[in-house]
Amino acid sequence: MEIQERQQGDVLILEPAGRLDSLTCRAFETRLLAALDQSGAVVVDGAALDYISSAGLRVLLVAAKHNRGSGGRLALASLRENVREVFDISGFSAIFAIYPTAAEAAAALA
Amino acid sequence: MTPESPAIQEATLCLPAELDHLPAFLAHVRRTAEAAGVAEARISRLELAVEEALVNVFSYAYVGQAQAGAVRCRVAVQPKGLLVEIADEGPPFDPLAQSAPDTTLELDQRTPGGLGILLIKSLVSQVAYHREENRNVLQIAMYRSE
């Protein structure tokens with residue numbers, strides 16, 4: 001999967017494109033955990049994320065827990081309606097900070 | 001969920017239970033759903049439910065076997081919508097009988113896993129499991145509208 005990376009101040013923004021599923025979750029997990037270790041404040045921008053399955057949710061949960069231990073901050077932004085629906089069903093909307101835009105998320109973490 | 005009602009059209013894909021084949025199975029379901037004129041939002045939900053069901057089969061149905069067994073994915077177009085039937089020849093296992101994760105827990109208490117079945121149950125019109133001869137059969141129905 002293609003994952004764009006950009007910086008806003010001290011916050012690292014990762015923008016995965018396409019499908020976060022059983023086939024792509026490993027690559028995304030590696031990138032996300034590395035980003036958290038590197039930056040401490042990471043936004044996952046969902047603007048180009050078409051699809052997420054439970055394999056993708058698992059990565060986010062692992063990252064959030066990893067983060068807890070290291071005092072890092074993780075937020076999500078710009079989730080599409082179908083991705084948001086999956087978050088709502090799985091209770092992830094309540095355990096993650098989710099913002100309308102990546103810029104707002106980055107500002108909140110800064 | 002009425003297997004006895006006449007199917008207008010149906011297509012079956014049978015491949016080894018391996019993750020590499022996931023895109024082929026999903027394309028098979030999507031193709032049939034699009035041809036049947038099901039709305040995109042519903043196809044997307046169905047696709048996710050089918051991925052979750054297949055990944056379960058890939059992960060558990062043939063554990064400990066030298067070679068992965070087969071998965072059969074049959075898609076039938078019916079008047080009300082689509083019926084997707086996923087069958088494996090693993091030991092009897094009813095995924096719907098597994099307890100659902102508590103989605104109200106705080107982050108620290110959440111553990112990975114169990115969300116796939118919850119997603120299937122939440123996203124499609126109906127889902128049912130039965131054992132048929134030596135096969136586990138999961139039937140997933142997505143209606144054109146609720």
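**Entry 1: the interface**

I began with the buried area: chain A and chain B bury about 2000 Å² between them, and 62% of that is on carbon and sulfur atoms. I note at once that this is a predicted model. Next I looked up the contacts. On the chain A side 23 residues take part, and they meet 25 residues of chain B.

I then asked for polar pairs across the interface. Ten residue pairs are in polar contact between chain A and chain B, with both residues at pLDDT 80 or more. Which elements of chain A supply at least two residues each to the side that touches chain B? I found strand S4 (49-52), helix H2 (54-70), helix H3 (81-90) and helix H4 (92-95). The largest share is from H2(A), with eight residues. I also sorted that side of chain A by class: eleven residues are nonpolar, six are polar and six are charged.

**Entry 2: salt bridges around Glu47(B)**

I counted salt bridges next. Over all chains there are 18. Between chain A and chain B the count is two. One pair I examined joins Glu47(B) to Arg19(A), at 3.0 Å from N to O.

Is Glu47(B) buried or exposed? I read 6% relative accessibility, so Glu47(B) counts as buried. Arg19(A) is at 27%, so I put it down as partly exposed.

I followed both residues further. Arg19(A) also forms a salt bridge with Asp21(A), at 3.3 Å from N to O. Asp21(A) counts as buried because its relative accessibility is 4%, under the 20% limit.

Glu47(B) also has a salt bridge with Arg30(B), at 2.9 Å from N to O. That pair links distant parts of chain B: Glu47(B) is in helix H2 (residues 40-60), Arg30(B) is in helix H1, and they are 17 residues apart. Arg30(B) has 21% relative accessibility and counts as partly exposed.

I then listed the whole network. The salt bridges link Arg19(A), Asp21(A), Arg30(B), Glu34(B), Glu40(B) and Glu47(B).

While in H1 of chain B, I checked Ala27(B), which lies in that helix (residues 22-35). Its relative accessibility is 34%, so Ala27(B) is partly exposed. The C-alpha atoms of Ala27(B) and Glu47(B) are 8.8 Å apart, with their positions 20 residues apart along the chain.

**Entry 3: Ser53(A)**

I went back to chain A. Ser53(A) is in the loop between S4 and H2. I read 0% relative accessibility, so Ser53(A) counts as buried. What does Ser53(A) touch, leaving out residues up to four places away in sequence? I found Leu20(A), Asp21(A) and Ser22(A) in chain A, and Leu48(B), Glu51(B) and Glu52(B) in chain B.

**Entry 4: a strand pair in chain B**

I looked at one more salt bridge. Arg72(B) pairs with Glu85(B), and their closest N and O atoms are 3.3 Å apart. Arg72(B) sits in strand S2 (residues 70-78) and Glu85(B) in strand S3 (residues 81-88), so the pair ties together parts of chain B that are 13 residues apart in sequence. Glu85(B) is buried, at 8% relative accessible area. Arg72(B) is at 22% and counts as partly exposed.

**Entry 5: the cores**

I turned to the nonpolar residues. In soluble globular proteins, nonpolar side chains tend to be buried together. Here the largest nonpolar core has 38 residues. Which of them touch the most other members? They are Leu32(A), Leu74(A), Phe87(A) and Phe96(A). H2(A) supplies the largest share of this core, seven residues.

I took Leu32(A) as my example. Beyond its neighbours within four places in sequence, Leu32(A) is in contact with Leu14(A), Val42(A), Val44(A), Val59(A), Leu60(A), Ala63(A) and Leu74(A). Another core lies apart from the largest one. This second core has 33 residues, including Val57(B), Val77(B), Leu96(B) and Ile140(B).

**Entry 6: positive phi**

Last, I checked backbone angles. Ser78(A) has a positive phi of about 55° although it is not a glycine. I placed Ser78(A) in the loop between strand S5 (73-77) and H3 of chain A.

Glu133(B), also not a glycine, has a positive phi near 50°. Glu133(B) is in the loop between strand S4 (126-132) and strand S5 (135-143) of chain B. I read 71% relative accessibility, so Glu133(B) counts as exposed.

Methods: Residues are numbered from 1 along each chain as its sequence is written. Chains are lettered from A and ligands numbered from 1 in the order in which they are written. This is a predicted model: local features need pLDDT of at least 70, side-chain atom pairs count only at pLDDT 80 or more; totals for chains, interfaces and linings use all residues. Side-chain values use heavy atoms; hydrogens and water are left out. Contact means heavy atoms within 4.5 Å. Buried area is the accessible area (1.4 Å probe) that two parts lose on being put together, summed over both. A salt bridge is a side-chain nitrogen of Lys or Arg within 4 Å of a carboxyl oxygen of Asp or Glu. A polar contact is a pair of N or O atoms within 3.5 Å; within protein, one must be able to donate a hydrogen and the other to accept it, and residues adjacent in sequence count only if both atoms are side-chain atoms. Helices (H or I, at least four residues) and strands (E, at least two) are DSSP runs, numbered from the N terminus. Ala, Val, Leu, Ile, Met, Phe, Trp, Tyr, Cys and Pro count as nonpolar, Asp, Glu, Lys and Arg as charged, and the others, Gly among them, as polar. A nonpolar core is a set of buried Ala, Val, Leu, Ile, Met, Phe, Trp, Tyr and Cys residues joined through side-chain atoms within 4.5 Å. Buried means under 20% relative accessible area, exposed over 50%, partly exposed in between (1.4 Å probe, protein chains only).
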